[in-house]
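Subject: Structure for you to look at

Hi,

Here is the structure I promised to pass on. Please open it alongside this note. My findings follow below.

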Amino acid sequence: MPRKIIIDTDPGQDDAVAILLALASPEDLDVIGITTVAGNVPLHLTSRNARVVCEVAGKLDVPVFAGCDAPLQRKLVTAEHVHGKTGLDGIELPDPKMPLREQHGVDFIIETLRREPSGTVTLCPIGPLTNIASAFLKAPDIRSRVREIVLMGGAYFEVGNITPAAEFNIYVDPEAADIVFKSGAQITVMSLDITHKALVTHARVSAFEALGTRVGRAVAGWTHFFERFDVTKYGSKGAPLHDPTVIAYLIQPELFSGRHINVEIERQGEFTCGMTVADWWRVSDRAPNAMWMGSIADDGFFDLLTERLARL
Ligand code: BDR
Ligand code: CA
């Protein structure tokens with residue numbers, strides 16, 4: 001039976017690839033809904049972009065719900081400098097025809113977790129954690145009904161990408177991240193520690209292009225776009241492809257390995273706000289609350305991605 005997932009997202013080119021990977025894998029994953037959040041770009045654009053991506057995949061029946069337009073307590077920080085003005089720069093695509101659902105994304109998460117049998121729905125947040133934390137605040141009963149939260153966020157060995165200490169998704173809404181990491185739900189974390197090993201090199205972009213399909217061209221356009229920024233920034237062979245690691249983990253967990261450790265979210269530090277204080281070496285006596293991934297088989301990851309995208 002395919003695993004039921006809700007993708008909570010702020011597309012973003014790498015979010016877009018994550019959504020496509022999930023939609024291309026119906027034998028493994030049943031995408032029961034996509035909820036959007038403000039992050040890489042404001043909410044009206046992430047809500048537009050999520051539907052653009054569903055239409056690129058030809059999956060017009062996937063329900064898309066708009067969620068929170070601002071972090072719990074802070075002013076929204078966006079990342080147009082990485083993702084471009086639309087959030088999905090890199091290839092021109094028409095405005096979506098499929099409508100947004102009327103229900104608020106947070107209420108969809110709550111209602112779904114209450115309706116489906118306990119322990120059957122996996123949450124896949126690949127943007128700031130505002131929607132998930134809001135759902136947990138509004139309906140604390142759903143926390144114990146979640147099967148697993150597999151999220152992209154944080155950094156320990158690779159430290160920060162938006163500040164010297166913090167990764168973007170956690171930095172945008174650290175109060176929300178704190179609520180999620182303290183929720184008691186089973187959490188698996190794909191941080192910069194692994195996504196910085198999943199680089200879209202020229203050869204990998206060419207492999208997407210060589211698919212010769214609309215999806216292949218879109219993914220090549222998107223990954224090529226943010227590659228220009230990231231390669232300059234990191235001086236590496238290609239840009240990290242962050243968010244699809246969450247979906248790849250659900251399909252092929254053996255591509256990843258990590259440790260079950262304690263992770264705390266810094267919310268006050270003058271220079272370190274949004275930092276994920278990951279006790280990788282287990283030097284504190286704080287109880288483990290997350291499975292923190294430390295390594296990825298990057299060739300296997302890109303093989304899986306290319307093979308699945310070829311189906312769309
Ligand atoms: C994360 O931030 C966003 O810019 C990406 O979409 C990814 O989710 C990486 O730090
Ligand atoms: Ca994202």
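Helices here are DSSP runs of H or I with at least four residues, numbered from the N terminus. Keep in mind that this is a predicted model.

**Ligand 1**

Which helices each supply at least two residues of the shell around ligand 1? They are α1 (13–23) and α6 (168–172). The full set around ligand 1 is Asp14, Asp15, Asn40, His83, Ile126, Met152, Asn161, Glu167, Phe168, Asn169, His242 and Asp243. By class, that shell holds three nonpolar, five polar and four charged residues.

Three contacts involve oxygen atoms of ligand 1. A polar side-chain atom of Asp243 lies 2.7 Å from an oxygen atom of the ligand. For a polar side-chain atom of Asn161, the distance to a ligand oxygen is 2.9 Å. Ile126 uses its backbone instead: an N or O atom there lies 3.1 Å from an oxygen of ligand 1. The protein covers 96% of the 280 Å² of accessible area that ligand 1 has on its own. As for its location, ligand 1 sits in the largest cavity.

**The calcium ion**

Ligand 2 is a calcium ion. What coordinates it? Asp10 gives an OD atom, Asp15 is listed twice through OD, Ile126 gives its O, and Asp243 gives an OD. The distances run from 2.2 to 2.5 Å. Along the chain, the donors follow the spacing D-x4-D-x110-I-x116-D. Distant parts of the chain are linked here: Asp15 is in helix α1, while Asp243 is in the loop between β8 (239–240) and α11 (244–251), 228 residues apart.

Some names come up at both sites. Asp15, Ile126 and Asp243 are among the residues around ligand 1, and they also appear in the calcium coordination.

**Two backbone points to check**

Most residues other than glycine have a negative phi, and most peptide bonds are trans. Two places here depart from that pattern.

- The peptide bond from Pro11 to Gly12 is cis, with omega near -5°. Gly12 is in the loop between β1 (3–9) and α1.
- Val159 is not a glycine, yet it has a positive phi of about 40°. Val159 lies in the loop between β5 (146–152) and α6.

Over to you.

Best wishes

Note on methods: Residues numbered from 1 in each chain as written. Chains lettered and ligands numbered in written order. Predicted model: local features only at pLDDT ≥ 70, side-chain atom pairs only at ≥ 80, totals over all residues. Heavy atoms only, no water. Near = heavy atom within 4 Å. Polar contact = N/O pair within 3.5 Å; in protein donor to acceptor, adjacent residues only side chain to side chain. Areas by Shrake-Rupley, 256 points an atom, 1.4 Å probe, with all protein chains shown as cover. 1 Å grid on protein atoms, 1.4 Å probe; cavity = no way out; pocket = protein on both sides within 12 Å on 5 of 7 lines; lining within 4 Å. Sits in = over half its atoms within 2 Å of the grid points. Nonpolar A, V, L, I, M, F, W, Y, C, P; charged D, E, K, R; others polar. Donors = N, O, S within 2.8 Å, 3.2 Å for Na, K, Ca; no water.
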